[in-house]
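Please read the following with the sequence and the model open side by side. The text goes from strands to a polar site, then to nonpolar cores and aromatic rings.

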Amino acid sequence: MNLLEESTYPRILNAGDSCIVIEFGSTISLEINGQVQNLCRSLKDKNIRGIKELIPTYRSLAIYFDPLEIPLDKLKETLTALSETSTEKAAPGGKLLVIPVCYGGELGPDIENVAKHNNLTVEEVIEIHTRPDYYCYMLGFTPGFSYLGGMDERIATPRLETPRTLIPAGSVGIAGKQTGIYPIDSPGGWQLIGRTPLKMFDPASENPTLIEAGYWVRFKPISFEEYQAISSEVAKGTYPPEILEKEGDAQ
């Protein structure tokens, strides 16, 4: 981002009579998204009367509000003040969720496609996919679908030419330079390399989405037997997801 662009951010835009958007930049980066997440957390902590919903994206935060409860001018004044402090810890640390994944076989039917496309073995694809920690920039597409950044381009693979009409919840896939987890049964064209037994979206839960924007994700390979055992525990509600803390300066 050049100096001219930096001088225009953050900026507040009207998005109707009950929503405003505050933008922190024009590119996708950890620093910009860190500012988005910091502002989102600040607004949640303050629990400001009249704010109904907060939707973070790669580089902006949408704030839905009731204009009868909080005047637009007052809300903009509050956002301007808070956005000035949201850059103090812009490099995101925070929660790191360990996702167990059974790779290949009937749970990852496209992993050989990924290996062949990149002149790798299946074992190398798994090793490369599980090596980095991935950052969740935002949720979208379907409830709880996480947009993860940080995949090694050595396993980048185009989408399927013909999308599937049904992909099981928990499927882990690759599309281009991105990787992600299908939180619910849905159509899709991603190359499926494995599946997690964790329940990524539960509308009956107090916190419906297992991954939130601003979280880090680490994939851990497990055997099919481990997959079955964890699935049984998840069904009974006795499996505690492994959540760690990631240092803010670790990329």
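How many residues lie between S3 and S4 in the hairpin that they form? The answer is three. The model is a predicted one, and the hairpin is a convenient place to enter it. Strand S3 covers residues 51-56 and runs antiparallel to S4, with five bridges joining the two. One position to locate is isoleucine 51, whose bridge partner in S4 is phenylalanine 65.

S4 also pairs with S2, again in the antiparallel sense and over five bridges. Here cysteine 19 has tyrosine 64 of S4 as its bridge partner. S4 itself spans residues 60-65, and five of its six residues are buried, so the strand is largely enclosed by the rest of the structure.

S2 comprises residues 19-23, and glutamate 23 belongs to this strand. Is glutamate 23 buried or exposed? Its relative accessible area is 9%, and because buried means under 20%, glutamate 23 is buried. The side chain of this residue has polar contacts with two arginine side chains: one with arginine 11 at 2.8 Å, and one with arginine 59 at 3.3 Å. With neighbours within four places in sequence left aside, glutamate 23 is in contact with Tyr9, Pro10, Arg11, Leu13, Arg59 and Ser60. Both arginines thus appear in the contact list as well.

The next topic is nonpolar packing. The largest nonpolar core contains 31 residues, and Ile99, Ile211 and Phe219 have the most contacts inside it. Strands and helices both contribute: the elements that give two or more residues are strands S5 (94-103), S6 (134-139), S9 (171-175) and S13 (216-221), together with helices H4 (111-117), H5 (122-130) and H6 (224-236). S5 supplies the largest share, five residues. Not counting residues up to four places away in sequence, isoleucine 99 touches Ile181, Thr196, Leu198, Met200, Val217, Arg218, Phe219 and Lys220. Apart from this core lies another, of 18 residues, including Ile32, Cys40, Leu61 and Leu79.

The aromatic rings remain. The structure holds eleven aromatic pairs. In one of them, tyrosine 135 and tyrosine 137 are arranged edge-to-face, at 5.0 Å centre to centre and with 90° between the planes. Both of these tyrosines are buried. Why is the pair of phenylalanine 141 and phenylalanine 145 edge-to-face? The ring centres are 5.2 Å apart and the planes stand at 85°; because the class requires an angle over 60 degrees, the pair is edge-to-face. The two partners differ in accessibility: phenylalanine 141 is exposed, with a relative accessible area of 55%, whereas phenylalanine 145 is buried, at 2%.

These four residues belong to one aromatic cluster, formed by Tyr58, Tyr135, Tyr137, Phe141, Phe145, Tyr147, Tyr182, Trp190 and Trp216. One member also has a charged group over its ring: the charged end of lysine 246 sits over tryptophan 216, 4.7 Å from the centre of the ring.

Terms used
Residues numbered from 1 in each chain as written. Predicted model: local features only at pLDDT ≥ 70, side-chain atom pairs only at ≥ 80, totals over all residues. Heavy atoms only, no water. Phe/Tyr/Trp six-rings, centres within 6.5 Å; stacked < 30°, edge-to-face > 60°. Buried < 20%, exposed > 50% of the residue type's maximum accessible area, 1.4 Å probe, protein only. Lys NZ or Arg CZ within 6 Å of the ring centre and 35° of its normal. Helix = DSSP H or I, 4+ residues; strand = E, 2+ residues; numbered from the N terminus. Polar contact = N/O pair within 3.5 Å; in protein donor to acceptor, adjacent residues only side chain to side chain. Contact = heavy atoms within 4.5 Å. Pairing = 2+ DSSP bridges. Core = buried A, V, L, I, M, F, W, Y, C linked by side-chain atoms within 4.5 Å.
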